[in-house]
Amino acid sequence: MTTLQPPAAAEPRPAPPPSRRDRRSWTGWGFIGPFVAVFALVFLAPIAYSIYLSLFRDQLIGGNQFVGLDNYTRALQDDAFWSAVGRVALFLAVQVPIMLGIALLVALALDSGRLYGKSFFRITIFLPYAVPAVVATLMWGFMYGTKYGLVGDINSAFGVTLPDLLSPDWVLASIGNIVTWEFVGYNMLIFYSALRVIPTSLYEAAEIDGAGQWRIIRSIKLPAIRGAIVIATIFSIIGSFQLFNEPSILRPLALNAITTDYTPNFYTYSLSFNGQQHNYSATVAIIMGLITMIVAYAVQLRGMRKGA
Amino acid sequence: MSTSVTASPAKSTGPKLRTPRKKHTPGKPKRNVLLTALMALMVLYTVVPLIWLVINSTKTQAGLADSNGLWLAHDFALWDNIRDTFTYHDGIFGRWLLNTLLYVVLGAGGATLLAVLGGYALAKFAFPGKRAIFAVVIGAVAVPGTALAVPTFLMFSKMGLTDTPWAVIIPSLVSPFGLYLMWVFAAEAIPTELLEAARMDGASEVRTFFQVALPLLAPGIVTVLLFTTVATWNNYFLPLIMLKDPNWYPLTLGLSAWSSQAQTIGGDVIFNLVITGSLLTILPLIAAFLFLQKYWQSGLAAGSVKE
Amino acid sequence: MRRTTSRILRGIALVSTLALGVTACGGSDDDSDTKAVSAGDIQAALDKGGDITVWAWEPTLKTVAADFQKKYPKVKVNLVSERSGDKHYTALSNAISAGKGVPDVAQVEYFALGQYSLTKGLSDLAPYGADKLASKYTPGPWNAVSDGDKVYGLPMDSGPMALFYNKTVFDKYKIAVPTTWDEYLDAARKLHKADPKAYIANDLGDAGFTTSLLWQAGSRPYKVDGTKVAIDFDDAGAKKFETVWQKLIDEKLLAPVSGWTDDWYKGLGDGTIATLATGAWMPANFVSGVPNATGQWRAAAMPAWTQGDKASAENGGSSLTVPALSQNKELAYAFTEYANAGDGVATRVGEGAFPATKAELESPAFQSKKFDYFGGQEANKIFAESAANVASDWSYLPFQPYANSIFNDTVGKAYVSGTTLAEGLKAWQDASIKYGEEQGFTVEK
């Protein structure tokens with residue numbers, strides 16, 4: 001029995017069909033109703049409102065007017081928007097595999113039982129998750145400093161010149177590092193917990209068959225936690241596409257490297273909060289939401305197919 | 001992805017694993033020094049920023065300016081800093097701490113409750129619209145939240161909720177990941193036969209939930225509670241938009257306000273209190289993690305349903 | 001009165017001041033406000049009493065509010081000071097657009113005033129008698145708060161520019177205090193050569209700083225006439241600035257440190273940032289932010305762009321305004337006047353604020369104040385002279401907060417790549433024009 005079946009996998013396996021026929025009623029709504037109600041209020045209603053807003057244009061001079069799909073046409077041709085999308089796509093392609101890879105490694109190492117001080121490692125690596133993004137970025141921002149930071153210290157101590165991690169060429173990697181630092185532990189825990197529920201009998205059987213650890217990982221452990229990997233990937237994709245906190249908090253230290261349209265989310269924020277272009281901002285947000293959904297859905301489908 | 005991911009442990013532990021080895025019982029594998037050393041590196045990466053925070057919270061504003069970041073300054077002012085943090089501006093830090101606790105109790109508590117109920121429904125009932133729910137939830141989560149901030153603010157304002165704790169608490173009540181976790185957990189932890197049996201006995205759905213399902217869900221609940229607590233504790237953007245009265249600020253917003261004081265004229269530059277305040281902000285969460293370790297780990301591991 | 005114009009959020013969520021705000025407040029206030037409010041009406045309101053909410057981060061207002069309540073016991077002033085800069089504007093704009101929770105008095109920096117007044121977010125204070133206060137203030141700040149016969153706020157403080165320099169560093173390397181920007185450039189070279197870790201100044205691109213230097217150099221890139229604006233950085237003043245500053249950038253003579261960061265405060269303290277050209281409000285920040293350099297710094301007049309030219313400029317500074325949606329405008333105005341034109345001014349100056357009123361600037365007590373931080377220097381003399389030499393014909397764009405928010409996206413490139421300052425300013429100009437047109441302004445090129 002696998003844990004963490006991805007949601008769309010429909011009915012959980014332990015509850016076989018029989019119960020379905022008579023329980024297919026509205027009873028379930030009594031339990032999920034409160035969640036759905038609040039969800040509708042804080043997610044769906046603002047989204048609906050945004051869609052409405054995206055059909056208008058409002059000017060400092062001239063007021064508000066209905067413009068149909070003009071904002072969408074504009075967004076599709078907006079270089080700033082697409083280069084921001086490209087940037088998070090790159091981030092996604094590099095940072096997410098690294099982060100999830102490290103998380104998986106750590107989880108496997110913990111699960112292998114071959115570590116000294118296992119619970120110390122488990123809790124310590126998880127700790128950064130408890131640190132607010134504001135504080136995490138403050139700390140890393142300090143470390144990156146070439147003047148007084150850790151980078152500066154290393155430079156003067158070893159007589160080397162490390163690259164300026166806050167320069168335009170490096171800042172995306174620096175942000176990636178902060179995000180990785182914050183979320184490795186979190187993902188590790190998801191993987192680890194999925195690993196813990198694999199019945200030990202499976203290992204025993206494999207070991208009796210002479211399978212090495214390596215084989216066990218590939219043939220038993222990884223397939224067993226596929227669901228967890230898929231869901232972690234989906235949440236990481238959403239997180240990457242919505243990248244905002246870290247660049248925005250880091251920006252005062254790297255003003256020229258992190259532009260106001262650095263990520264799509266940052267762009268919508270700048271449009272809305274600096275430029276009063278909330279109609280266009282809503283449009284960009286909706287398009288970005290669609291892109292995110294499509295990618296997340298594609299990953300889920302792929303993950304599922306392999307898993308089935 | 002799995003191949004790229006697993007490539008490096010093969011390098012480090014491979015030789016050992018491939019040589020024929022003595023069989024050990026699965027419960028007692030051989031300890032591995034190399035693997036432990038690798039993990040120690042990982043821990044170093046994890047704790048260096050935290051060490052920086054601890055070291056620098058011992059410095060005065062002057063000490064911060066003229067000492068190396070990873071070493072103690074000539075003065076040791078941790079206790080002074082802590083006292084100043086709590087007394088600065090008529091002790092507003094304490095108020096922020098209490099606010100944060102309020103948001104966590106109601107927000108994270110409520111989010112957990114909703115997630116438990118919802119997860120239970122998804123796992124154990126068939127009902128119209130069920131398939132659509134999670135798809136919609138995931139879809140909605142994909143829309144960038146920052147762009148929704150203004151529409152949400154305007155809606156809440158019309159409802160008279162802005163500048164009240166509710167403006168922070170209500171949006172915190174939705175935890176898509178919590179819902180997912182509870183769904184999976186409930187599916188595994190509650191044998192459907194048990195529910196059927198309770199119903200046969202004539203128990204109402206509510207009673208069945210509280211008496212049969214809830215106890216079985218306990219480890220999962222602790223886990224979700226911890227995740228939602230972190231989310232609420234670290235919530236920043238939403239309160240920033242929703243709250244005008246600093247007396248309702250959570251810690252994150254308060255710290256950020258203190259930090260931007262350095263950018264105002266005549267404003268007290270209190271990086272030392274910002275740093276100490278940051279430390280004080282994360283300590284309770286870390287303590288909670290440590291003390292509740294047993295519960296949430298078993299919850300996450302869903303160990304209770306292991307055959 | 002903060003001046004980190006370069007920060008992102010700097011701009012404002014005027015967001016919906018426009019969309020929804022206009023529907024909420026448009027029309028109503030414009031007409032009702034034109035009728036004059038007599039001093040008697042205001043006094044009556046004070047006697048009757050009530051609550052007012054003041055959003056302002058200027059620290060000296062705390063005492064002023066307390067004094068005001070003592071003087072008018074029936075009035076309760078609720079001072080909210082935890083928010084500054086961008087967060088303050090976001091909250092203000094959101095409140096205005098929601099039409100609820102708008103404060104009675106709000107601090108607004110000069111560069112952002114145009115945006116709020118244009119969108120009818122602020123009350124015209126002339127009917128309350130503010131128009132008669134013009135002669136009390138120095139020209140720069142008054143020019144910023146007034147628009148024709150309308151007055152959108154009362155100046156709270158000002159930021160005539162001065163050159164702060166680290167005398168210890170200058171003495172150590174036997175560098176003379178520069179009186180022109182050319183000398184400044186030479187001093188920069190000499191200093192950096194003598195100590196490769198030391199820089200004459202830090203700069204990574206700061207919209208407020210650059211516009212202030214352009215102002216001082218005689219450039220007038222923005223011309224504003226109601227909804228007609230012109231933006232052009234191609235003038236003689238801008239050329240002067242570009243010439244000197246391009247050299248400072250090319251020769252790597254500027255410390256790559258952003259203002260108002262931890263590193264910046266450290267650099268000011270350890271001698272690696274040797275000068276700072278900024279507003280006269282800086283001393284208070286030196287005292288609290290750079291305590292370890294007490295006695296090392298001095299103030300001097302700004303270097304001139306041409307030998308002998310005394311022109312100065314403003315950097316930073318803010319006013320108190322009464323939002324159009326204030327529920328108690330008489331009381332709000334009474335407080336504003338008390339704080340910025342009445343007894344409050346002396347209180348605030350006493351606590352270290354830099355005034356915008358002529359009487360205080362010219363008073364002997366003010367001018368002869370000795371600053372311990374500056375080794376006993378009577379720095380206010382320099383600041384007051386600078387204030388008198390500020391050219392008052394400068395104007396900001398009515399969407400300056402947005403323009404400033406994209407400064408580093410455009411001009412900032414000149415600091416980190418092969419782009420020149422002139423190209424950067426041109427890109428800034430184009431982006432500002434594009435935005436102005438999108439927002440319905442008539443933009444002349």
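Analyst: Let's start with a term: domain bounds come from an automatic or database domain assignment. This is a predicted model, in which local features need pLDDT of at least 70 and side-chain atom pairs count only at pLDDT 80 or more, while totals for chains, interfaces and linings use all residues. Residues are numbered from 1 along each chain as its sequence is written, and chains are lettered from A and ligands numbered from 1 in the order in which they are written.

User: OK, what are the domains of chain C, and how far apart are their centres?

Analyst: Chain C splits into domain 1 (8-158 + 316-362) and domain 2 (161-313 + 393-444). Taken over C-alpha atoms, their centres are 29 Å apart.

User: How many residues of the two domains are in contact?

Analyst: Contact means that the C-beta atoms of two residues, placed from the backbone, lie within 7 Å. By that test, 14 residues of domain 1 of chain C touch 14 residues of domain 2 of chain C. The domain 1 side has six nonpolar, six polar and two charged residues. For those classes, Ala, Val, Leu, Ile, Met, Phe, Trp, Tyr, Cys and Pro count as nonpolar, Asp, Glu, Lys and Arg as charged, and the others, Gly among them, as polar.

User: What makes β14 of chain C a partner of β3?

Analyst: Strands (E, at least two residues) and helices (H or I, at least four) are DSSP runs, numbered from the N terminus. Two strands pair if DSSP finds at least two bridges between them. Four bridges join β3 (105-109) to β14 (318-321) in chain C, so the cut-off of at least two is met. These strands run antiparallel, and the bridge partner of Q107(C) is L320(C). On to β6 (154-155) of chain C: it pairs with β14(C) over two bridges, again antiparallel, and P155(C) stands opposite S319(C).

User: Where do the residues of β14(C) point, and are they buried or exposed?

Analyst: S318(C) and L320(C) point one way, S319(C) and T321(C) the other, and all are buried. In a regular strand, side chains alternate between the two faces of the sheet. Buried means 20 or more other C-beta atoms within 10 Å of a residue's own, exposed means 12 or fewer, and partly exposed is in between, with C-beta atoms placed from the backbone.

User: Then why is I98(A) called partly exposed?

Analyst: Count the neighbours: I98(A) has 16 other C-beta atoms within 10 Å. That falls between 12 and 20, so "partly exposed" is the right label. I98(A) sits in helix α4 (79-112) of chain A.

User: Why are β12 and β13 of chain C called edge strands?

Analyst: Their open sheet has the order β12-β7-β13 with antiparallel pairing. β12 (275-279) and β13 (297-300) each have a single partner strand, so one side of each is left without a neighbour in the sheet. The twist averages 30° from one strand to the next; axes are lines fitted to C-alpha atoms, for helices over the stretch in contact, and angles run from 0 to 180 degrees between N-to-C directions.

User: How do you know that β7(C) pairs with β13(C)?

Analyst: β7 (161-166) and β13(C) share four bridges, so they pass the pairing test. Y165(C) stands opposite R298(C) there.

User: What makes the pairing in the β9-β10-β15 sheet of chain C mixed?

Analyst: Strands can pair either parallel or antiparallel. This open sheet is listed as mixed, and the pairing of β10 (228-231) with β15(C) is parallel, over three bridges. In that pairing, K228(C) stands opposite T442(C). Helix α22 (421-438) of chain C packs on the sheet, touching β10 and β15, and its direction makes about 165° with that of β10(C).

User: How many residues does chain A give to its contact with chain C?

Analyst: Chain A gives 29 residues and chain C gives 40. The largest share of the chain A side, three residues, comes from α13(A). By class, the chain A side has ten nonpolar, 16 polar and three charged residues.

User: And which residues does the contact between chains A and B take?

Analyst: It takes 96 residues from chain B and 102 from chain A. Helix α2 (33-56) of chain B gives eleven, the largest share of the chain B side. That side has 63 nonpolar, 23 polar and ten charged residues. Chain B has 14 helices and zero strands, and 51% of its 307 residues count as buried.
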